[in-house]
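Grab your viewer and a scratchpad. Here are some exercises, each with a worked solution.

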Amino acid sequence: MKPIHILILIAIYFAVLIIISYFTGKEDSNEAFFKANKSSPWFIVAFGMIGASLSGVTFISVPGDVGSGMFSYMQVVFGYLFGYFVIAFVLMPIYYKLNVTSIYEYLGNRFGIVSHKTGAAFFFISRVLGAAFRLFLVASVLHEFVFKFWHFPFALTVLISVLLIMIYTFKGGVKTVVWTDTIQTLFMLIALVVTIVLIYQQMGWGLGDFLDSKELRKFDKIFFFDDFMAKNHFVKQFLGGMFITICMTGLDQDMMQKNLTCKSLKDAQKNMISFSVILVFVNFVFLLLGALLFIYANANNIDIPVVDGVTKTDLLYPEIALKSDLGISVAIFFTLGLVAAAYSSADSALTSLTTSFCIDFLNIEKRPQNTQKKTRKKVHIMMAGLLVLVIISFYYLLDQSVISGLLTVAGYTYGPLLGLFAFGIFTNHNIKDKLVPWVAAVSVTLSYLIAKLPSEYIGGYQWGYELLILNGIITFIGLLIIRKK
């Protein structure tokens, strides 16, 4: 598939999104931008959240990780399922009862303004770094396979990508995102199914042959109970997945904003439960795709791409989809799926950053009515510019190890949110509000130092996702220490 064909596909794709934004953004009010007028059908939100939860990282990385991790990722996914139930029946009732626009308003109501700002700041750091990395990953693929052909600088690739997102979310905000996410999820799932079907057909298999093949059995081990010290032990991955979901969905403005656009708490809970069950199945199919990619590559002598001397399993899917003999349909749907996966998370991230900054830091609802819309639009442009700068800095100023370190730190920032919300929900204590930022900073620092301890110092134990739980516990203990008598 030639670069010009990929570019035409991307242009058509964004044309569809801009048409959707035209109809959903006609009202152009802050109520529509922040809350979609509380009118989103729950089943539309549920379907769209699949794409937003998977993102471009999952679309590329989960299939690539099968080569080393087999299907152990499903242990994390089962943890996700339980986490979504906690969100539906513990957190959502609180958010709907308080009728919040930003979920961090809860912390202000419970503890005070400093806690409110602290929670929002930790979300802001996490989401800027996380969204920038997701766009960085996909922009790198698009740059390598498309824009490099015309000698575009990477910075221009990024600028075009973010500018397109800003255009179609500029007026409608979350009201537009709810509907564009459904299109993006559809493209992603079609790409997944088409790739699997065409590959196993080329291998001379039917679906039953593939599922029963000895080649698949090399990858299909799901549960690991042997070594509790290892990262992939079931208990560690299950609990880690559960708390990752609670933190990175239930305590994350980006993921919760769409849920809060449902008409009622009951609708929002139906959305969350149905979405979570479907997501388990979709993640399993992504793992099947990963196994199939490695089987196909081995059978056809396709080498895993190497970049700067490092083997990149993340690039195996694009390598096979765009450069193998599978045919034009796989290349078309892969391109649409990749773009959809990236932008289904990026558009909601940009919208949620705008919402959080307006509500949590600028107190936009207390400003004069005639300036509120103008303020929101300025913030939206500013957030888009910030994402562009961060993504470009990843490419030109930082190496991969530094980026990985930044993302690790960003992951730690959800620990203080876990501790703050847990303390607020499960205790009746008040706290010394002004000391909360210090507790949060100490928690992140201690968690980071503990994670960096050589495993031999702690009996060979290897930290995995459960480090997030430890981070939350440290924050919880810190809040106990600063509680008011």
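What follows is a set of tasks on helix packing, single residues and backbone angles. Before you start: this is a predicted model, where local features need pLDDT of at least 70, side-chain atom pairs count only at pLDDT 80 or more, and totals for chains, interfaces and linings use all residues. Residues are numbered from 1 along each chain as its sequence is written, and side-chain values use heavy atoms, with hydrogens and water left out.

**Exercise 1.** Work out how α6 and α18 pack, and what their contact is made of.

*Solution.*
- Step 1: find the helices, which are DSSP runs of H or I with at least four residues, numbered from the N terminus. Here α6 covers residues 113-145 and α18 covers 414-426.
- Step 2: get the geometry. The axes (lines fitted to C-alpha atoms over the stretch in contact) sit 9 Å apart, at an angle of about 150 degrees on a scale from 0 to 180 degrees between N-to-C directions.
- Step 3: classify. Angles over 145 degrees count as roughly antiparallel, under 35 as roughly parallel, 65 to 115 as roughly perpendicular and the rest as oblique, so α6 and α18 are roughly antiparallel.
- Step 4: list the contact (heavy atoms within 4.5 Å). α6 brings Gly119, Phe122, Phe123, Ser126 and Arg127, and α18 brings Tyr414, Pro416 and Leu417.
- Step 5: sort them. You get five nonpolar, two polar and one charged. In this scheme Ala, Val, Leu, Ile, Met, Phe, Trp, Tyr, Cys and Pro count as nonpolar, Asp, Glu, Lys and Arg as charged, and the others, Gly among them, as polar.

**Exercise 2.** Now do the same for α6 and α16.

*Solution.*
- Step 1: α16 spans residues 369-396, and its axis comes within 9 Å of that of α6, crossing at roughly 60 degrees. That makes the pair oblique.
- Step 2: on the α6 side, the contact includes Phe124, Val128, Phe136 and His143; on the α16 side, Met383, Phe394 and Tyr395 are among the residues.
- Step 3: the tally for this contact is 15 nonpolar, one polar and no charged.

**Exercise 3.** Is histidine 143 buried or exposed, and what does its side chain pair with?

*Solution.*
- Step 1: place histidine 143 in helix α6.
- Step 2: check accessibility. Buried means under 20% relative accessible area, exposed over 50%, and partly exposed in between, with a 1.4 Å probe and protein chains only. At 7%, histidine 143 is buried.
- Step 3: look for partners. Its side chain makes a polar contact with the side chain of threonine 157 at 3.2 Å. The term means a pair of N or O atoms within 3.5 Å; within protein, one must be able to donate a hydrogen and the other to accept it, and residues adjacent in sequence count only if both atoms are side-chain atoms.
- Step 4: leaving aside neighbours within four places in sequence, histidine 143 also touches residues including Lys148, Phe152 and Tyr395.

**Exercise 4.** Compare the settings of alanine 36 and asparagine 99.

*Solution.*
- Step 1: recall the background. Most residues other than glycine have a negative phi.
- Step 2: alanine 36 has a positive phi of about 55 degrees, and asparagine 99 also has a positive phi of about 55 degrees.
- Step 3: alanine 36 lies in the loop between α2 and α3, while asparagine 99 lies in the loop between α4 and α5.
- Step 4: alanine 36 is buried at 1%, whereas asparagine 99 is partly exposed at 47%.

Note on methods. Helix = DSSP H or I, 4+ residues; strand = E, 2+ residues; numbered from the N terminus.
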